[in-house]
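Biologist: Could you take me through one loop in close-up, backbone oddities included? After that, carry on to whatever else in the model is worth a look.

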Amino acid sequence: MKRNGRLTLLFLLLVVLVACGGAQEATPAPTAEPAVLPEVAATDTAVPEPTAAPAPTETAVPTEAPAETVPVDEGPMLAPDGAPGETYLAPFPVTITVDGDLSDWQGVPKVLIPETAAQVRGSTAVTFAAAADDEFLYFMANVDDAKVITGQHGENYWNEDSVEFYINATGDLGLTSYRDGVAQITVPPLNAGKPLGEIVLGGVNGASADAQVQVALTDTGYAVEMAVPLKNNVWNIQREHGNVIGFQVHLNSASELDRNLKVIWSLKDTADSSYQNPSVFGQLVFFEIGQSDVAANVPEPTPGPVHDPVPADAPYKNPDLPVDERVADLLARMSLAEKIGQMTLVEKNSMIADDIPARYIGGLLSGGGGYPTPNTPEAWAEMVDGFQARALEAPLAIPLIYGVDAVHGHNNVNGAVIFPHNIGLGAANDPALMTEIGRVTALEMIATGIYWDYAPVVAVPQDIRWGRTYEAFGENTDLVSSLAVAYMQGLQGDDLAAPDTVLATPKHFVGDGGTAWGSSTTGSYQLDQGVTDVDEATLRAIHLPPYAAVIEAGAQNIMTSYSSWGGLKMHAQQYLITDVLRGELGFNGFIVSDWAGIDQIDNDYYTAVVASINAGVDMNMVPYDYNRFIATLTQAVEDGAVSMERIDQAVSDILRVKFEMGLFEHPFSDPALLPLVGSEEHRAVARRAVAESQVLLKNDGDLLPLAKDLPLLLVGGEAADDIGIQSGGWTIEWQGKPGNITQGTTILQGIQAAVSPDTTVIYDKFGRFEDAPADQTAVCIAVIGEQPYAEGLGDSPDLRLPVNDLRTVQRMQERCDQLVVVLLSGRPVVVTDMLDSWDALVAAWLPGTEGQGVADVLFGDAPFTGKLSYTWPRSADQLPFDFANLGEGEDGPLFPFGYGLTTP
């Protein structure tokens, strides 16, 4: 699973705009209405591959004004202003020459968004206009943006500045998905200076409009002129006075890394969903110059399906009936649209609230960082309950299932307790503790209305260079199976229908921990989402047993893997999903895709959807363009490419689990549990887990545990006083981040609380200690380690520590009489060359928010008992290990699996 990102630049811009008078939704400038601040883009995906515009003919665009055309540089405005954010009145006939020169747009109504840009010097904004003649609909955009980064992303131009023009010429303004007659035409400034025949466009159906474009760089940004034929092979726009088409304009602001800011015109497009849902467009009304009225000829909305009233005593509503009977009754009442809606899982920022009941959506999720504002447990509960209430408005009132990656506690929620990542819990190897951690996580989730946890990871990593190593318990199959079962039992309890339990999701089926270095084709990833290049016997011996274990223990949901095996993406593996998982192992729950995992099967989306659903995936974590998925699967059923029997099987499995969870009886959050979120009781469980997970790798002279009454203790390293670093990825944000990003106790704070009042503790994150007495013997603790990361962005070729940390340790070696190194990392890292200079080494992994647990073992309040759940390499050249031939001495690992010193 993945996440959403937020940039400081965007925040600062919003603050400036608010200070200068911004407030509500996006509105055009020529009115007294309040204007909106730029919208944050909900996603940075769902934009299709770029398409080249066809070469225009010499006569396609007029080069001089016909005699009868009213001059645009004389007289009053050629059309009235429209309704801000709702309608734009496009004058006709108007002569426009597509040459990048905007002087011929005089008199055409122009709209500035956001309006506050007029008062904020240097802010990102766009002025747009539209007009028409007998052949073309013309668009103009004049962009003010100081950060134009044209061409820096090559073909991935949608990740930089662009103007997006949207047209819905189908006559159906209620249309909720794209088809012929609807186009998003994305115009990036990399087209500046290109002749008409070389212009590169993108967007959904962008090439179908036969648009002809000119782009020119300006002193403040860039300008766009575009001509779109009123008639072509995909639409026939009737340019008559008062006629209406769907219309929208977006501006993507530049960022050196990503598209992080979007200025949106339509008031209906509150979730940046125009690229997937044309029903949120505004309207363009054609206005004939010289007319006095502006009455719009709006098409009648498309009527929705009519549903027979559901009787109050319908069997599926009766909790006393057997689940299978309830499923059969409900399924018999469902239309195809309702069934496919249940198979659709949407990222919450991409969901239009009205579409939850209208599209019968089955599930929502928050990816990493997908929190509400403010990020509090109360706000989470309000948000999720609000979504649930909308789902229950649908005729059959089928509750949503809302999911999160609570992989080490309810880790997206500010203030929730964050447990050690699984690598540390594997070192603790305490099944009873794992069950208690699952129970605590479930209670904190339910307090926020969430009953579905995308955990535990049951991968068995064979190469610790993988960025997801810390999400797994260890390299040993039996260890993974044991702890996964224990954690799942904590989440699901003895009865999944009990109101204090949540649904677990063992993941990612199957072999995601066995991918080969360099086999990934995703971005810069090397191992993550790569190829598991092993034979079937190895797959079954190493990677499959944890699934057999969790299924036997009651798993009702399993997530498929991004990885490939046997030349096929796992999301399309009918043999493994249907024959092995369901057939051999007897799994009878439902199978969910990973985040847009279906999309990776084939470049043709229709082909990908058909392959995955037929392979056995029941619910698609879309996550963004749900209308495209719904339309595609509907078409596949109508074509006979996916049978109704397969749809019914998938929906039956989903409904069965919802009934077994008791969602129909308790769909909302439990406010009585809110005081438990981040409570001292829960933090005590996490503190114990931290202490048990610490692995003592070196302890010369029995230096540890340290005496609490040391006269002087020097503590160095940035990580010593940083909740974000000690918690790692999947903490508040997908990738995590340094800083005190949530509540908890840092390791430094734990040390300060552990020592006697007479001990002087001096902290210098750089390890210089210039204020410490130079003549006094000093014991030092250096807390160093990896910066936060998640998934493939953490794939590492060399497993090196950050240079700044190494410098800190070197300074401390020169200053200290005895040096304890506490190493924070998501996997074993290479320390061979430095180890002789350290008196003690503690593998602290990623302990989470309760740093006091580290201090507990350093000062003897708890013993060191942890054992390595991964073999520790001498060098990265040994990776991946051949576990059958590890070697000995200098040819073997630095520390073997299961190694760990103990203290009383």
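Modeller: Val-510 lies in the loop between β19 (507-509) and α9 (536-543); helices here are DSSP runs of H or I with at least four residues, strands are runs of E with at least two, and numbering goes from the N terminus. This is a predicted model, so to speak with a filter on it: local features need pLDDT of at least 70 and side-chain atom pairs count only at pLDDT 80 or more, while totals for chains, interfaces and linings use all residues. Residues are numbered from 1 along each chain as its sequence is written, and side-chain values use heavy atoms, with hydrogens and water left out.

Back to the loop. The peptide bond from Phe-509 into Val-510 is cis, with omega near -10°. Gln-529 also sits in the loop between β19 and α9, and its phi is positive, near 65°, although the residue is not a glycine. Gln-529 has a relative accessible area of 4%, so it counts as buried (under 20%; exposed is over 50%, partly exposed in between, with a 1.4 Å probe and protein chains only).

Those backbone quirks turn up elsewhere too. Phe-92 to Pro-93 is a cis peptide bond, omega near -10°, and Pro-93 belongs to the loop between β2 (87-92) and β3. Ala-397, in the loop between α5 (377-391) and β16 (401-404), has a positive phi of about 55°. At 27% relative accessible area, Ala-397 is partly exposed.

Beyond Pro-93's loop, β3 (residues 111-113) runs antiparallel to β4, joined by three bridges; strands pair when DSSP finds at least two bridges between them. β4 also pairs with β5 (residues 136-144), antiparallel over eight bridges, and a hairpin of three residues links β4 to β5. Phe-128 faces Val-111 as well as Ala-141 in β5. Seven of the eight residues of β4 (residues 125-132) are buried, so the strand is largely enclosed by the rest of the structure.

For another loop, try Ser-350, between β14 (344-347) and α4 (355-358). Its relative accessibility is 1%, so Ser-350 counts as buried. The side chains of Ser-350 and Glu-347 make a polar contact of 2.8 Å (N or O atoms within 3.5 Å; within protein, one must be able to donate a hydrogen and the other to accept it, and residues adjacent in sequence count only if both atoms are side-chain atoms). Asp-625 is 275 residues away along the chain from Ser-350, yet their C-alpha atoms are separated by 7.6 Å.
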